[in-house]
Amino acid sequence: LTLLLSLSLCRRTITLKMLVDLYPPMIMEGDLSPDSFGDEVDEVCNEINAACKGFGTDEGRLLTAMGGMTPETRCKVALRYQELFGKELKKVMRSECGNRDFGKALQYLAVAPDETDCDIIEEACKGAGTNEKLLTTVIVGRTNLEMELLKKKFFNLTDKDLGRVLDSELGGHFEQLIFNCLQASEEVYDDEFHNEEKVKEDVEAFYKMGQGKWGTDEKGLFKLICARPGLHLKAVDLAYA
């Protein structure tokens, strides 16, 4: 990687680490058998079923029903649809809308977010070459818990270890970034430790591994970025600028 590309990846990683939790409480807490689903979930399921009835599929109606679902609702709809109609929603979407972009998008919405992430990883690793942009959106910027849940879900769905799969797909500096993310070793933010002095220390470390070095130390940069919490990295980014 060139210095510019390395720093671009670093900046993207910092930005992603500032986002809110991506998985809803149902997934984070492992509560996959809710006591009740609620009227809203049943209404969505019935709308989906109605859109798929008869000759042809009402894609507009499907999009309206599924496009506005929250992550929590997605988890519940995937479970409730099968209870109500005896069919797996993801398979229904594939049958009704195919495997092109629109059908693929609805298949992603038809399952819980962690399963969607696993599907995207498999899609990124299909065929010759690897879609690194797709992998980046799923792997980079996750919290420690999200990463552990993702690795567990991937194994449960595919019976494969995510690290070994990506090891066979990737190489070079991008592999170093991804494997640092897979370690799920981000520090817990502590304002007494991640203070102004630590910010200055990390700014200096970034400079020495990047602009201040002949040849960029990508391995060191990625290790540092993936270990530091998002709030601290934001301060480092501002100070470096």
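Helices here are DSSP runs of at least four residues, numbered from the N terminus. With that in hand, a good place to start in this predicted model is Pro71, which sits in helix H5. Pro71 has a relative accessibility of 35%, so it counts as partly exposed. Once its neighbours within four places in sequence are set aside, Pro71 touches two other prolines, Pro24 and Pro113. Ala51, on the other hand, is 20 residues from Pro71 along the sequence, and the C-alpha atoms of the two are 21 Å apart.

Helix H5 also turns up around the largest pocket. Rolling a probe the size of a water molecule over the atoms shows where empty space is left. The largest pocket holds about 450 Å³ of space. Its lining is made up of 21 residues, and those closest to the centre are Leu32, Ala112, Asp114, Glu115 and Lys153. Several helices chip in: H2 (25–28), H5 (71–85), H6 (89–97), H8 (113–124) and H10 (144–158) each give at least two residues to the lining. H10 makes the largest contribution, with five residues. Sorted by class, the lining of the largest pocket comes out as twelve nonpolar, six charged and three polar residues.

Next come the charged pairs. Side chains of opposite charge can pair when their charged atoms come close. In this model, the count of salt bridges comes to 15. One of them involves Glu115, already met close to the centre of the largest pocket: Glu115 pairs with Lys90, and their closest N and O atoms are 4.0 Å apart. Since Lys90 belongs to helix H6 and Glu115 to helix H8, this salt bridge ties together parts that are 25 residues apart in sequence. Both partners fall under the 20% cut-off for buried residues. Lys90 is buried because its relative accessible area is just 14%, and Glu115 is buried because its value is 17%.

Helix H8 takes part in another such link. Glu123 and Lys104 form a salt bridge, with 3.5 Å between the closest N and O atoms. Here Glu123 is in helix H8 and Lys104 in helix H7 (residues 101–109), so the pair joins parts that lie 19 residues apart in sequence. The two ends of this bridge get different labels: Glu123, at 28% relative accessibility, is partly exposed, whereas Lys104, at 19%, counts as buried.

A salt bridge can also stay inside one helix, and Glu204 with Lys208 is a case in point. Their closest N and O atoms are 3.9 Å apart. The two residues are four places apart in helix H13 (residues 196–209), which means that about one helical turn separates them. Glu204 has a relative accessibility of 40%, so it is classed as partly exposed. Elsewhere, Asp42, Arg80 and Glu83 are joined into one network by salt bridges that share partners.

Finally, there is Leu238, found in helix H15 (residues 230–240). Is Leu238 buried or exposed? Its relative accessibility is 58%, and residues over 50% are classed as exposed, so Leu238 counts as exposed. Val203 is 35 residues from Leu238 in sequence, yet the C-alpha atoms of the two are 9.6 Å apart in space.

Key:
Residues are numbered from 1 along each chain as its sequence is written. This is a predicted model: local features need pLDDT of at least 70, side-chain atom pairs count only at pLDDT 80 or more; totals for chains, interfaces and linings use all residues. Side-chain values use heavy atoms; hydrogens and water are left out. Buried means under 20% relative accessible area, exposed over 50%, partly exposed in between (1.4 Å probe, protein chains only). On a 1 Å grid over the protein atoms alone, a cavity is a set of points where a 1.4 Å probe fits but cannot get out, and a pocket is an open set with protein on both sides within 12 Å along at least five of seven lines; lining residues have an atom within 4 Å of a point. Grid points are joined across faces, edges and corners, and a volume is the space filled by probe spheres set on the points. Ala, Val, Leu, Ile, Met, Phe, Trp, Tyr, Cys and Pro count as nonpolar, Asp, Glu, Lys and Arg as charged, and the others, Gly among them, as polar. Contact means heavy atoms within 4.5 Å. A salt bridge is a side-chain nitrogen of Lys or Arg within 4 Å of a carboxyl oxygen of Asp or Glu.
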